[in-house]
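Here are some friendly notes to read alongside the model. Take them one at a time, and find each residue on screen as you go.

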Amino acid sequence: MSMETRYSAKDITVLEGLEPVRKRPSMYIGGTDVKGLHHMVWEIVDNAVDEYLNGHATMVSVTLHKGCSSVTVTDNGRGIPVDLHPKHKKPALELILTTLHSGAKFGEGDNYIHSGGLHGVGSSVVNALSRKLIATIRRDGGEWRQEFRQGKTAGELVKLGPSRQHGTTIQFEPDPAIFPKTSLDTKTIRAHLEDMSYIHAGLRIHYKDEDAGTEEDLSHPGGIPEFLTRLVAESGKPRACDQPFTFSRDGGERLEAVWLT
């Protein structure tokens, strides 16, 4: 029998759930190197920033825990829904974290007019590639928590008690079975967050490094003009003019730029 005729239906593998992500992580985060490792953080941060972009949050807090192999991202947005999905009969939180292409960012409805990251993929990919992930949700007068391991539920959704707060907290540990190195770099995270704070001038961004024992408010309410002013100062070159050049866009929104000579 030739090699060609040996190829049949029994040779076809069907990956279910989040198995495709663990089998081929590079398809989703670009690789399992340091860049891919930190992309996990960016995906969760992007979800938090989306709450701000859509007018539901004002703050994002990121904590790099001792050992640098675990990170927590918290926002004060609406909180991921925890009620049962009408079709799948599972909590929305569980569906979002264990199912690819599940979420509210596909254009139906108006829950997310603006969004970044891997729409409907990011959170579940992070969960799939994490040794452990804990989601804590505050909304509708209560606080809920659910734990996951390697993309699968490690327990039922549990209501912890009443809460007047609202928002989402995701803590995760990248899986050493996927990543050769799971140590996150504090300088890389800090620089990324500070860049985002210039882009999203109205968002408060807080960063805590437990290893270094430091906490910082990385907010930059001056936005892009403040960033350009910083670039001018760091360049050591004089401005082309004393006042920033201003122009309007979209019928009145003012943007500023500082030009170098």
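1. Let us begin with Asp 140, which has a relative accessibility of 64% and so counts as exposed, the cut-off for that word being over 50%. You will find Asp 140 in the loop between strand S3 (130-139) and strand S4 (142-149). Please keep in mind throughout that this is a predicted model.

2. Stay with Asp 140 for its backbone: its phi is positive, about 55°, although the residue is not a glycine. That deserves a second look because most residues other than glycine have a negative phi.

3. Now follow S4 to the loop between it and strand S5 (152-153), where Gln 150 lies. Gln 150 also has a positive phi, near 50°, and is likewise not a glycine. Is Gln 150 buried, partly exposed or exposed? With a relative accessible area of 37%, Gln 150 is partly exposed, since that class lies between the 20% and 50% cut-offs.

4. One of the contacts of Gln 150 is with Asn 127, a residue of helix H5 (residues 122-128). The relative accessible area of Asn 127 is 0%, so this residue is buried. Which residues surround Asn 127, once neighbours within four places in sequence are set aside? They are Leu 97, Thr 98, Leu 133, Phe 148, Gln 150 and Gly 151.

5. It may help to step back and look at the whole protein. There are 7 helices and 11 strands, and 41% of the 261 residues are buried. Of the contacts between residues at least 6 apart in sequence, 60% join residues at least 24 apart. The accessible surface is about 14,700 Å², and carbon and sulfur atoms account for 53% of it.

6. Ser 70 is a good residue to zoom in on next, in the loop between strand S1 (59-64) and S2. Its relative accessibility is 9%, so Ser 70 counts as buried, being under the 20% cut-off. The side chain of Ser 70 makes a polar contact of 3.4 Å with the side chain of Gln 171. Beyond neighbours within four places in sequence, Ser 70 is in contact with several residues, including Thr 63, His 65, Phe 172 and Leu 184.

7. For a contrast, try Lys 89, in the loop between strand S2 (71-75) and helix H4 (92-98). Lys 89 is exposed, at 58% relative accessible area. What does its side chain reach? The partner is the backbone oxygen of Pro 86, at 2.9 Å.

8. Finally, turn to a pair of helices. Helix H6 (residues 186-199) packs against helix H7 (residues 223-235) at an angle of about 125°, and the two axes are 6 Å apart. H6 and H7 are therefore oblique to each other. On the H6 side the contact is made by Glu 194, Tyr 198 and Ile 199, while H7 brings Gly 223, Ile 224, Glu 226, Phe 227 and Arg 230. Sorted by class, these are 4 nonpolar, 1 polar and 3 charged residues.

9. Within that pair, pick out Arg 230 of helix H7. Leaving out residues up to four places away in sequence, Arg 230 touches Glu 194 and Tyr 198. Arg 230 counts as partly exposed, because its relative accessibility is 30%.

How values were computed. Residues numbered from 1 in each chain as written. Predicted model: local features only at pLDDT ≥ 70, side-chain atom pairs only at ≥ 80, totals over all residues. Heavy atoms only, no water. Helix = DSSP H or I, 4+ residues; strand = E, 2+ residues; numbered from the N terminus. Buried < 20%, exposed > 50% of the residue type's maximum accessible area, 1.4 Å probe, protein only. Contact = heavy atoms within 4.5 Å. Areas by Shrake-Rupley, 256 points an atom, 1.4 Å probe, with all protein chains shown as cover. Axes fitted to C-alpha atoms, helices over the stretch in contact; angles between N-to-C directions. Parallel < 35°, antiparallel > 145°, perpendicular 65-115°, else oblique. Nonpolar A, V, L, I, M, F, W, Y, C, P; charged D, E, K, R; others polar. Polar contact = N/O pair within 3.5 Å; in protein donor to acceptor, adjacent residues only side chain to side chain.
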